[in-house]
Amino acid sequence: MQTINKTLGDVIKELAVNMPDREAVKYSTLDYRRTWKEFDEETDRVAKAFMALGIEKGDKVAIWATNIPEWLLTLFGSAKCGAILVTVNTNYKVFELEYLLSQSDTKLLVMMGGFKGNDYVGTVNTLIPELAGASEGKVKTKKLPYLDRIVFAGANTPKGMLGFKDMLAYADRVSDGELSERKASLDTHDVINMQYTSGTTGFPKGVMLTHFNILNNGKTIGDGMKFTPDDRLCIVVPFFHCFGLVLATMACITHGTTMVPVEAYSPVPVMNAISAEKCTAVHGVPTMFIGMLEHPSFNQFDFSSMRTGIMAGSPCPI
């Protein structure tokens, strides 16, 4: 196999140059669609905003959210400025979040409001009471000495936090030349992702992964699935997990395949995304596929575009 010796930013830039008007990302549940050129430009802007907030090469940027657009923007924006993305499980409670942020030395946290009754805003305010008096997300707390900023992805930014859209305005403080200089300092073997294990035999451990690691793992998966720019992958498995981040996102960008994310699993939105967006592939675990196959609305959707996918996570029933 011929390996990819590039950074994530290099791969996105090549897609923007070689197929600028092809769809990179298309949500069926949200008003968000970007071509590769648009996605490259937007993630450049996120990278510049992070730099303006003081994010240096090697700093940790954590993301606590479901499969929303800001997750992808944070992933590629942090990679482009050399930061290390720390993925946060969407089911984490306060003690787990504190452990991860502390153990990883996270400097900036991007988060949404909550998921499945898990109030992320309440959790963060419990963990960091100083946030109530913060301005534009800039916090200091003895519990988390490295944490410097909290950014909120979503409408109605909570008190003390910096809104993601407001954060993008910071990008104007960093020149294109400064971003280019930062990109030039990056190497394919730089660590840019920390994924935490489940901790079933002890405390969770942050696995340090490089551009080279995740890109080539994704490429291998995409090669096996014979992905091309004509494919469209429905991504409902969580971005925070290697299934969503590597087997899905990286498999797509290494083949120019369109990403069709769904924020979180529910049978009807997933079936609608596959049908409406003419997806050729979908990833999931057995319970997801069973939930769709046994759903009373299953026959109302058109799955004729489907040709491949991955089922993983547990044994597959016949």
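# A walk through salt bridges and crossing helices

E23 is buried, since its relative accessible area is just 16%; buried means under 20%, exposed means over 50%, and partly exposed is in between, using a 1.4 Å probe and protein chains only. Keep in mind that this is a predicted model, where local features need pLDDT of at least 70, side-chain atom pairs count only at pLDDT 80 or more, and totals for chains, interfaces and linings use all residues. Residues are numbered from 1 along each chain as its sequence is written, and side-chain values use heavy atoms, with hydrogens and water left out.

So who is the partner of E23? The side chain of E23 meets that of R33 in a salt bridge, 2.6 Å from N to O. A salt bridge here is a side-chain nitrogen of Lys or Arg within 4 Å of a carboxyl oxygen of Asp or Glu. Side chains of opposite charge can pair when their charged atoms come close. R33 sits in strand β2 (residues 33-35) and E23 in strand β1 (residues 23-26), so this pair ties together parts that are ten residues apart in sequence. Helices (H or I, at least four residues) and strands (E, at least two) are DSSP runs, numbered from the N terminus. Unlike buried E23, R33 is partly exposed, with a relative accessible area of 38%.

How many salt bridges does the structure hold? There are 21 of them. Take K80 and D40: their side chains form a salt bridge at 2.7 Å, N to O. K80 is in helix α3 and D40 in helix α2, 40 residues apart, so the pair links distant parts of the chain. Both K80 and D40 are buried. They also belong to a bigger story, as K13, D40, D44, K80 and K183 are linked in a network of salt bridges.

Another pair is D148 and K138, whose side chains meet in a salt bridge at 2.7 Å, N to O. Both D148 and K138 lie in the loop between α5 (120-127) and β8 (149-152), so the pair ties together parts that are ten residues apart in sequence. D148 counts as buried at 9% relative accessibility, while K138 is partly exposed at 42%.Now go back to helix α2 (residues 36-52), where you'll find R45. Is R45 buried or partly exposed? With 32% relative accessibility, R45 counts as partly exposed. Leaving aside neighbours within four places in sequence, R45 is in contact with L168, A169, A171 and D172, where contact means heavy atoms within 4.5 Å. R45 and D172 are 127 residues apart along the chain, yet their C-alpha atoms are separated by 8.4 Å. The side chains of R45 and D172 make a polar contact at 3.2 Å. A polar contact is a pair of N or O atoms within 3.5 Å; within protein, one must be able to donate a hydrogen and the other to accept it, and residues adjacent in sequence count only if both atoms are side-chain atoms. A polar atom of the R45 side chain also lies 3.2 Å from the backbone oxygen of L168.

Next, let's look at how some helices pack. Helix α3 (residues 69-80) and helix α9 (residues 242-253) pack at an angle of about 70°, and their axes are 13 Å apart. That makes α3 roughly perpendicular to α9. Axes are lines fitted to C-alpha atoms, for helices over the stretch in contact, and angles run from 0 to 180 degrees between N-to-C directions. Angles under 35 degrees count as roughly parallel, over 145 as roughly antiparallel, 65 to 115 as roughly perpendicular and the rest as oblique. Which residues meet here? W71, L72, L75 and F76 come from α3, and L245, T249, M250 and I253 from α9. The residues in this contact of α3 with α9 divide into seven nonpolar, one polar and no charged. For these classes, Ala, Val, Leu, Ile, Met, Phe, Trp, Tyr, Cys and Pro count as nonpolar, Asp, Glu, Lys and Arg as charged, and the others, Gly among them, as polar.

Helix α9 has a contact with helix α8 (residues 211-224) too: their axes come within 7 Å and cross at roughly 85°. That makes α8 roughly perpendicular to α9. On the α8 side you'll see I214, L215, N217, G218, I221 and G222, and on the α9 side V246, L247, M250, A251 and I253. Sorted by class, the contact of α8 with α9 has eight nonpolar, three polar and no charged residues.

One stop is left, H283 in strand β14 (residues 281-284). H283 counts as buried, at 1% relative accessibility. Its side chain reaches the backbone oxygen of L247 at 2.9 Å, and the side chain of H283 also reaches the backbone nitrogen of I310 at 3.4 Å. Not counting residues up to four places away in sequence, H283 touches M225, L233, C234, V236, V237, F243, L247, A248, F289, G309 and I310.
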